[in-house]
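This report describes a single protein chain. It should be read with the sequence and coordinates at hand.

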Amino acid sequence: MSITFKNLSHIYNEKTPFPSAALKNINLEIADGSFTAIIGETGSGKSTLVQHLNALLLPTDGEVRVNDFVIKAGEKIKDLKQLRRQVGLVFQFPEYQLFEETIETDVAFGPKNFGIEEKEAKERARYVLELVGLDASYLERSPFDLSGGQKRRVAIAGILAFDPDVLVLDEPTAGLDPQGAKEMMDLFKKLNTDFGKTIIMVTHDMEHVLNYCDEVILLKKGEVELVSDVKNFFKDSTIDSLDVQPPHIVEFKRQLEARGFAFDEDAFDLPTLVQSLKGEFDHE
């Protein structure tokens, strides 16, 4: 499912004395089956951009194409329900997505809303809860009695239950401990590589960008500043201008470089870096 943004702009409070341009003339293409990170400082337009993908927000100008669906400024969207079945969005704050009395009914709501029989919807709820690391004992619990990290898992399960082709994640590991974050990122990567789902992730975590993503889109003040594959992004100095912590391996490489060591610039994991350094010593 290819995704294209063409001359997309979005203005909040457009017809008021206080308009605010959140996106300005965005032109992008996101490849089918890719794992793409959208990064940028707070207020750069990241969340605004991804909310156009299933028409939670509509363009002020320009358009978004999601496969055969066109979301265009000033035009009614045909078959909005089908679009939202194909594009699942997990909000930054999971409590926005939780509203039923039990976790089972909450997770099963999406499939039932898209016409799936109740029995199958409940089977899906059980299955996806296990995928996100919650066992069957959670089914009858209230989602509002959970911790922040557990709420995030339930919110993600609710999206996975209707099996979208595109999964849009807004800071998906917020509220999770390091082990929980790794488990969720491994799941997203598995959905990408084994099931061919297109993953679009808004994040500030550069470790996740390096270790899981293929492409990086950098937004700045509502405009596209940079589009790059992950390795090239971390080779140049762009990251130094951002208020983020570089990946540990990138910091380590810089320290080695400052001390005169030479190594393969494409080495972005510790075993490859060690092997590269070993080869350098073997030639001396």
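The text below covers domains, nonpolar cores, helix packing and a few individual residues.

**Domains and cores**

The model is a predicted one. Its chain is divided into domain 1, residues 3-246, and domain 2, residues 247-283. Taken over C-alpha atoms, the centres of domain 1 and domain 2 are separated by 34 Å. Eleven residues from domain 1 and nine residues from domain 2 make up the contact.

The largest nonpolar core has 58 residues. Those with the most contacts inside this core are I39, V107, L129, V132, L167, F188 and F234. Because domain 1 and domain 2 both give residues to this core, the core lies between them. A second core, separate from the largest one, has 26 residues and includes L53, A55, L83 and L89. In soluble globular proteins, nonpolar side chains tend to be buried together.

**Helix α3 and V107**

Helix α3 spans residues 103-113. Which residues of α3 are buried? They are I103, E104, D106, V107, A108, G110 and P111. The charged residues E104 and D106 are therefore on this buried list along with nonpolar ones such as I103 and V107. The cover over the buried residues of α3 includes α4 (118-131) and α5.

V107 belongs to the group with the most contacts inside the largest core. Leaving aside neighbours within four places in sequence, V107 is in contact with A125, V128, L129, V154, A157, G158 and A161. Just after α3, G115 has a positive phi of about 95 degrees.

**Packing of α5 and α6**

Two packed helices are described by the angle between their axes and the distance between the axes. For helix α5 (residues 148-160) and helix α6 (residues 178-193), the axes come within 12 Å and cross at roughly 10 degrees. An angle under 35 degrees counts as roughly parallel, so α5 is roughly parallel to α6. On the α5 side the contact is made by R153, I156 and L160. On the α6 side G180, E183, M184, L187, F188 and L191 take part. By class, this contact has six nonpolar, one polar and two charged residues. F188 is also among the residues with the most contacts inside the largest core.

**Individual residues**

The table lists relative accessibility for three residues.

| Residue | Element | Relative accessibility | Class |
|---|---|---|---|
| R152 | helix α5 | 2% | buried |
| I159 | helix α5 | 8% | buried |
| S20 | strand β2 (residues 20-30) | 36% | partly exposed |

R152 counts as buried because its relative accessibility of 2% is under 20%. What surrounds R152, leaving aside neighbours within four places in sequence? R152 is in contact with V90, F91, Q92, F93, P94, D170, E171, P172, T173, A174 and L176.

I159, also in helix α5, is buried at 8% relative accessibility. With neighbours within four places in sequence left aside, I159 is in contact with G88, L89, V90, Q97, P164 and L167. Of these contacts, L89 is included in the second core, while L167 is one of the residues with the most contacts inside the largest core. The C-alpha atoms of I159 and C213 are 54 residues apart along the chain and separated by 20 Å.

S20 lies in strand β2 and is partly exposed, with a relative accessible area of 36%. Not counting residues up to four places away in sequence, S20 touches H10, I11 and Y12. Between the C-alpha atoms of S20 and K112, 92 residues apart along the chain, the separation is 38 Å.

Terms used: Residues numbered from 1 in each chain as written. Predicted model: local features only at pLDDT ≥ 70, side-chain atom pairs only at ≥ 80, totals over all residues. Heavy atoms only, no water. Core = buried A, V, L, I, M, F, W, Y, C linked by side-chain atoms within 4.5 Å. Buried < 20%, exposed > 50% of the residue type's maximum accessible area, 1.4 Å probe, protein only. Domains from an automatic or database assignment. Contact = heavy atoms within 4.5 Å. Axes fitted to C-alpha atoms, helices over the stretch in contact; angles between N-to-C directions. Helix = DSSP H or I, 4+ residues; strand = E, 2+ residues; numbered from the N terminus. Parallel < 35°, antiparallel > 145°, perpendicular 65-115°, else oblique.
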